[in-house]
Amino acid sequence: MQEEQFSKLSEKIRGSLITPASGEYEVARQVYNAMIDRRPAAIVRCVDVADVRAAVTFARQDGLTIAIRGGGHSGAGLGVCDQGLVIDLSDQWSKRKKQLSRSAKGFRHQS
Amino acid sequence: MPFPALQSLFDPLLPKGLQWYWKGDFVRELSDKAIDAHLECAAKAPSELSLMHLYPIDGAVHGVGQSETAWGFRDATWSMVIAGIDADPAKAGAVTAWAKGYWEAVHPHTLGGAYVNFMMDEGVDRIKATYRDNYDRLTEIKRKYDPHNFFRINQNIKPD
């Protein structure tokens with residue numbers, strides 16, 4: 001039943017949806033702190049704002065717990081939860097880092 | 001130096017996949033008694049990677065009022081982190097116990113609250129200590145925008 005529900009979410013997003021049946025699952029659920037060992041029902045890798053919106057709406061309608069992952073460096077492992085849905089924003093964070101690198105270099109050249 | 005370069009400075013030393021237990025506090029002064037407690041605890045470190053860092057909080061930070069932003073430790077001069085770290089999962093208990101014991105020993109010499117990512121799952125009292133007098137206002141905001149605490153897997157400010 002839940003797999004079926006998640007496939008509905010999968011159809012709505014441009015990013016990927018990873019469930020325990022996916023080969024990537026064991027790696028995708030890991031966070032920076034290896035002391036944290038949690039098994040979410042699914043991980044949604046968002047590539048744009050529309051994906052984030054779809055994931056949040058889906059979780060609210062289904063009453064799922066959500067964990068938000070940025071870089072995955074939370075000390076307490078708050079970028080992953082047991083059951084529930086991980087909304088993974090690490091792709092956006094990588095893009096933002098590239099933007100920041102460029103703008104910081106530009107600033108240095110001007111100064 | 002671009003921000004991402006600064007932000008990833010520790011990555012080669014501390015790659016993903018180590019066992020970590022963090023504890024923190026904000027600090028105003030390092031008294032002789034505090035330094036003695038630090039030296040005593042540091043000598044018992046359970047692994048080479050385990051550490052205590054004091055990050056300076058200076059300059060413009062002190063020119064902003066305590067209630068002007070959510071962060072309420074404008075009087076702090078250091079952000080302290082104690083981290084028990086090791087690659088071996090079998091040492092998870094040892095690094096955790098060391099970090100907790102270290103924190104117990106130095107906590108009386110600090111201002112009390114901590115940067116929220118220098119914390120494990122430590123309960124609501126630590127969150128309150130961290131936001132100090134701003135906590136009640138943050139609760140009001142939470143109640144307004146997320147009354148059912150949908151966004152709760154975080155260092156959580158509860159709506160009630």
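**A guided tour of the predicted model**

Begin with both chains of this predicted model in view. Where they meet, chain A contributes 18 residues to the contact and chain B contributes 20 residues. On the side of chain A that touches chain B, β3 (66-69) and α4 (90-110) of chain A each supply at least two residues. Select α4(A): the largest share of that side, 5 residues, comes from this helix. Colouring the same side by residue type gives 10 nonpolar, 5 polar and 3 charged residues. For the complex as a whole, the predictor reports an ipTM of 0.91 and a pTM of 0.90.

**The sheet of chain A**

Next, select the strands of chain A. They form an open sheet of 4 strands in the order β1-β2-β4-β3, with mixed pairing. Which strands stand at the edges? They are β1 (16-18) and β3 of chain A; each has a single partner strand, so one side of each is left without a neighbour in the sheet. From one strand to the next, the twist averages 20°.

Now turn to helix α3 (residues 49-62) of chain A, which packs on the sheet and touches β2, β3 and β4 of chain A. The direction of α3(A) makes about 165° with that of β4(A).

**Strand β4 and its partners**

Select β4 (residues 85-88) of chain A together with β2 (residues 42-45) of chain A; the two strands pair in the parallel sense over 4 bridges. Within this pair, A:Ile43 lies opposite A:Val86, and A:Val44 has A:Ile87 as its bridge partner. Then add β3(A), which also pairs with β4(A) in the parallel sense, over 4 bridges. Here A:Ala67 has A:Val86 as its bridge partner.

In a regular strand, side chains alternate between the two faces of the sheet. Are the residues on the two faces of β4(A) buried or exposed? A:Leu85 and A:Ile87 on one side, and A:Val86 and A:Asp88 on the other, are all buried, and both faces of the strand are thus covered.

**Confidence along the chains**

Finally, colour the model by pLDDT. Chain A averages 88, with 91% of its residues scoring at least 70. Among the elements of chain A, β4(A) has the highest mean pLDDT (98) and α4(A) the lowest (66). Select residues 106-111 of chain A: the pLDDT there is below 50, and beyond near neighbours in sequence this stretch has 0 contacts in the model. Where pLDDT is low, the predicted coordinates should not be read in detail. For chain B, the average pLDDT is 96, and 100% of the residues score at least 70.

Definitions and conventions:
Residues numbered from 1 in each chain as written. Chains lettered and ligands numbered in written order. Predicted model: local features only at pLDDT ≥ 70, side-chain atom pairs only at ≥ 80, totals over all residues. Contact = placed C-beta atoms within 7 Å. Nonpolar A, V, L, I, M, F, W, Y, C, P; charged D, E, K, R; others polar. Pairing = 2+ DSSP bridges. Axes fitted to C-alpha atoms, helices over the stretch in contact; angles between N-to-C directions. pLDDT = per-residue confidence, 0-100. Buried ≥ 20, exposed ≤ 12 C-beta atoms within 10 Å, placed from the backbone.
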